[in-house]
Amino acid sequence: MSRNIRFTHSASRNALRTLTATAILLGGMAAAQQRGGTLTVGLGYDIDTLNVYSTGFLGDVQAAVVEGLVAPDAKANYVPVLATQVPTVRNGGIKIAPDGKSMTVTYRLRSGVKWSDGEPLTSADVKFTWEAVKNPKFIAESKDGTEDIASIDTPNATTVVVNYKRVAPDFMSTLFTFGILPKHTLDGKDLNTDTYNEKPLGTGPFKVKEFKRGQYVILERNPYYWRKDSKGVQLPYLDGMVFKIIPDSNTLVTQLRTGEVQLAYGIPYSQVTQLDNVPGLKVVKNSVLSWQHLDFNLKTIDAFKDPNVRKAFAYALNKSAVSKALGGYPTPINTVVVPVFSYTNPAVPKYDYNLARAQQLLDAAGWKVGSDGIRVKDGKRMSFKIMAQAGRSTDEDAEQVIIASLKQAGIELQPDNKSGVAFRDARYKGNYDLFYGGWITSADPTYSVFFGSKGVNNGQGYASAKIDAILARAESTLDPAQRTAALREFQTELMTDLPSIPVTSNPSMIAVTEKLGGFVPNPTNMTNFVNTSGWYLNK
Amino acid sequence: MNATHLLKRLLGTVPLLLGVSLLLFGVLHLAPGGPLDVYADNPSVSPEALAQMRTAFGLDQPLPVQYVSWVTAFFTGEWGYSIRTARPVTQEIAERIGPTLILGGTSFVLSLLIALPLGIVSAVRRYSGVDYLITFLSFLGVSMPVFWLALMLQLLFAVQWRLLPSAGIQTIGSDSVLDLIHHLILPACILAFASVAGWSRYMRSSMVEVLGQDYVRTARAKGLTAGRVVVHHALRNALIPIITVVALDFATILSGAVITETIFAWPGIGRLFIESMNGRDYPVLMALMMAGSFALILSNLLADLAYAAVDPRIRYE
């Protein structure tokens with residue numbers, strides 16, 4: 001469950017939208033919030049470190065402790081947190097150099113924000129964050145974006161001017177969104193081994209009281225938290241939160257049923273019905289920014305180089321059967337851009353389940369049904385290995401449906417599932433015939449990493465000069481209209497070429513006590529805990 | 001056994017451990033992937049950053065160099081840093097060993113206390129209803145998957161009856177021993193169940209064999225009570241083969257019970273091992289496997305010592 005992809009959302013959502021989102025974030029809760037209580041959360045993984053820059057996980061606990069300048073909301077739009085507004089070209093926060101080759105981003109910090117030890121947050125902290133993460137000695141999981149910055153000016157305590165070496169539309173995906181590091185306690189320290197990794201100091205609604213490895217993290221109220229609700233009540237409402245580490249998903253469900261845990265996400269689909277009947281508990285569906293896909297290996301498998309064969313696979317794949325096998329929770333999709341995004345293109349070429357069409361295409365491509373029902377061409381049987389991640393029951397179930405589905409068209413698939421490092425290795429190097437799996441992105445996906453001919457996640461060896469050009473356009477503009485146009489064109493082109501069949505978008509199921517108010521799931525990799533200050537427990 | 005012999009045996013473990021370490025190191029590095037693979041999922045980690053990390057961890061050195069530097073460091077007590085958490089390996093292990101010893105130790109003692117009497121009763125009352133019942137339960141214990149049994153007991157004791165907590169080592173914020181015992185009951189019993197099943201079978205067959213010996217018949221003929229015959233004459237000899245089996249299981253206490261620890265969210269060595277395995281955290285893995293090997297060698301030694309204590313005919317020169 002590694003933190004997959006951490007790019008983030010478009011710099012340039014319109015200001016109105018940002019304002020509305022903020023209003024919802026802060027003032028939208030009904031009048032009945034109660035103060036007090038402790039929420040117990042179950043986590044399905046063992047936390048490695050509480051430093052948001054070096055953890056291999058998404059950072060659920062960290063999100064309640066450490067804040068960034070901006071953060072994505074429930075609709076994956078950026079809203080201001082420690083900054084007073086999201087910088088855009090329109091509001092003057094982003095200035096592009098006259099030669100169009102570099103840019104300057106200006107953040108105005110909220111005044112009066114304090115760290116949970118009472119010290120004030122200043123622009124020096126923001127500058128320090130960049131320097132500390134960039135430091136070659138710091139072994140970070142994510143240094144993304146540090147190299148794009150040429151320098152940072154801090155004209156006064158609340159103004160940060162970031163000078164970028166290039167026009168970087170994805171600048172919000174990184175550094176200052178994940179969290180700001182406190183200069184006054186970390187200056188000159190070794191971030192690899194500092195106690196910060198056990199007890200991070202943040203400006204968030206909570207601070208770490210105790211972290212017992214392999215067991216739990218106890219968070220308590222940050223007395224200096226800056227945010228107040230619409231009635232002027234000091235946030236957060238909760239006295240504290242406890243994150244219990246429970247690696248086994250069955251046990252996690254048991255703990256939910258006994259009430260030992262009040263919130264847990266990533267509930268296996270097969271166990272949702274069990275939890276539906278537990279009094280006092282509800283299961284919420286969170287449409288996360290992930291899509292499941294079936295990839296062709298275009299490097300070594302000759303049969304897949306024929307686009308008609310790929311299309312035949314798509315017509316033969318019964319996506320709604322896949323969804324049904326997984327309890328009906330996944331949504332069949334037609335493009336790799338999940339429907340949460342505004343630039344999803346509904347007009348891409350579609351390949352609705354059509355067995356006759358698939359048969360026809362394969363016949364025309366020279367693949368004739370052999371004596372054993374499997375197609376043959378030039379003495380080669382249409383038999384391939386399909387790889388999924390071993391042990392991921394949702395993926396393995398879907399894989400079975402895909403195998404059965406394609407068999408009807410005379411295509412034989414044999415599961416060749418791998419786990420752990422072997423799986424990752426095969427996925428990145430393309431050591432598979434067909435690969436079924438999912439990608440999850442942050443609010444601002446850079447699709448060239450998946451489909452660009454040099455993309456780091458392009459293990460399948462897909463290369464299209466046209467796609468490269470379109471994506472280069474989409475990923476170098478700050479103009480939302482141009483970006484949307486390019487991304488829509490990209491989807492049409494990709495679905496015409498079809499190197500990868502989008503199958504479903506799988507939601508994350510969250511079980512949560514009915515007593516919890518103010519809880520809004522977050523679809524991005526900033527986790528559900530990115531805005532905990534407004535959560536409250538009804539007695 | 002005298003002190004010189006013991007010392008010799010202990011010194012003899014050094015080349016053995018060296019050989020084991022070479023094997024483990026080789027196998028680990030032959031397996032696909034490396035510690036930096038966790039970053040492969042993350043496209044935002046640049047190749048430069050990866051190269052930097054590789055140098056920082058010494059992963060860019062040739063394997064033999066890596067091995068030699070690891071061995072020298074290891075035998076001087078410098079166990080290095082975890083790649084996953086950046087904390088000293090010794091600290092990682094020190095934190096996890098306590099819970100593992102508590103769980104493993106409890107279930108070990110529990111198993112012994114139950115398995116030996118069960119085996120004896122089974123042997124003495126051979127082919128009786130009690131014997132058949134014990135045999136049936138033993139086979140159940142051996143063949144039932146731990147995770148299934150654990151889930152069933154969690155369902156009964158935690159969900160239905162609300163008598164015991166379903167997971168964890170303590171109620172958060174509580175340091176009381178009673179609370180710990182409360183959390184210990186389910187995992188310790190489940191862990192013990194499989195051992196009891198196995199050990200009681202060994203005890204039974206060993207006892208059955210001894211009970212058929214001439215000296216036992218002689219003892220009976222002298223008019224001793226059945227109880228005296230079993231306890232004073234048969235038991236001592238019947239225990240000898242059991243010691244080997246039990247001693248080898250003893251080493252696994254230190255290695256932790258991977259499945260049980262995971263299911264019960266028990267913060268022990270078994271879980272540390274799995275996490276380190278998934279992250280290819282070489283320093284932690286090597287330390288854990290070396291400690292495991294050492295425990296195995298040590299328990300073999302203990303078994304030999306126990307042999308001598310139980311059977312005066314066995315002497316080590």
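A nonpolar core here is a set of buried Ala, Val, Leu, Ile, Met, Phe, Trp, Tyr and Cys residues joined through side-chain atoms within 4.5 Å, where buried means under 20% relative accessible area, exposed over 50% and partly exposed in between (1.4 Å probe, protein chains only). This is a predicted model, with pLDDT of at least 70 needed for local features and 80 or more for side-chain atom pairs, while totals for chains, interfaces and linings use all residues. Residues are numbered from 1 along each chain as its sequence is written, chains are lettered from A and ligands numbered from 1 in the order in which they are written, and side-chain values use heavy atoms, leaving out hydrogens and water.

**View 1. The largest nonpolar core, with its best-connected residues.** This core has 164 residues, and Phe176(A), Phe313(A) and Phe490(A) have the most contacts inside it. Its largest share, six residues, comes from helix H8 (residues 307-316) of chain A; helices (H or I, at least four residues) and strands (E, at least two) are DSSP runs, numbered from the N terminus. Domain 1 (38-262 + 515-537) and domain 2 (288-507) of chain A each give the core at least three residues, with bounds that come from an automatic or database domain assignment.

**View 2. Around Phe313(A), and a second core.** Leaving aside residues up to four places away in sequence, Phe313(A) touches Phe296(A), Phe304(A), Met382(A), Phe384(A), Leu406(A), Ile411(A), Leu434(A) and Ile501(A); contact means heavy atoms within 4.5 Å. Apart from the largest core lies another, of 22 residues, including Ala123(B), Val196(B), Met207(B) and Val208(B).

**View 3. Where the two domains of chain A meet.** The centres of domain 1 and domain 2 of chain A, taken over C-alpha atoms, are 34 Å apart. Across the boundary, 14 residues of domain 1 are in contact with 12 residues of domain 2. The area buried between them is about 1,000 Å², with carbon and sulfur atoms giving 70%; buried area is the accessible area (1.4 Å probe) that two parts lose on being put together, summed over both. On the domain 1 side, Pro169(A), Pro523(A) and Asn525(A) lose the most area to domain 2, together 44% of what that side buries. As for salt bridges, the rule finds zero across this interface; to count, a side-chain nitrogen of Lys or Arg must be within 4 Å of a carboxyl oxygen of Asp or Glu.

**View 4. Where the two domains of chain B meet.** Chain B splits into domain 1 (3-76) and domain 2 (89-310), and their C-alpha centres lie 32 Å apart. Here 21 residues of domain 1 are in contact with 16 residues of domain 2, and about 1,700 Å² is buried, 81% of it from carbon and sulfur atoms. Arg9(B), Leu17(B) and Leu28(B) are the domain 1 residues that lose the most area to domain 2, together 33% of what that side buries. The count of salt bridges between these domains is one. Arg9(B) also has a salt bridge with Asp304(B), side chain to side chain (2.9 Å, N to O).

**View 5. Chain B against chain A.** This interface puts 44 residues of chain B in contact with 46 residues of chain A. It buries about 3,700 Å², of which carbon and sulfur atoms give 55%. Two salt bridges are counted between the chains, and the side chains of Asp46(A) and Arg271(B) meet in a salt bridge at 2.8 Å, N to O.
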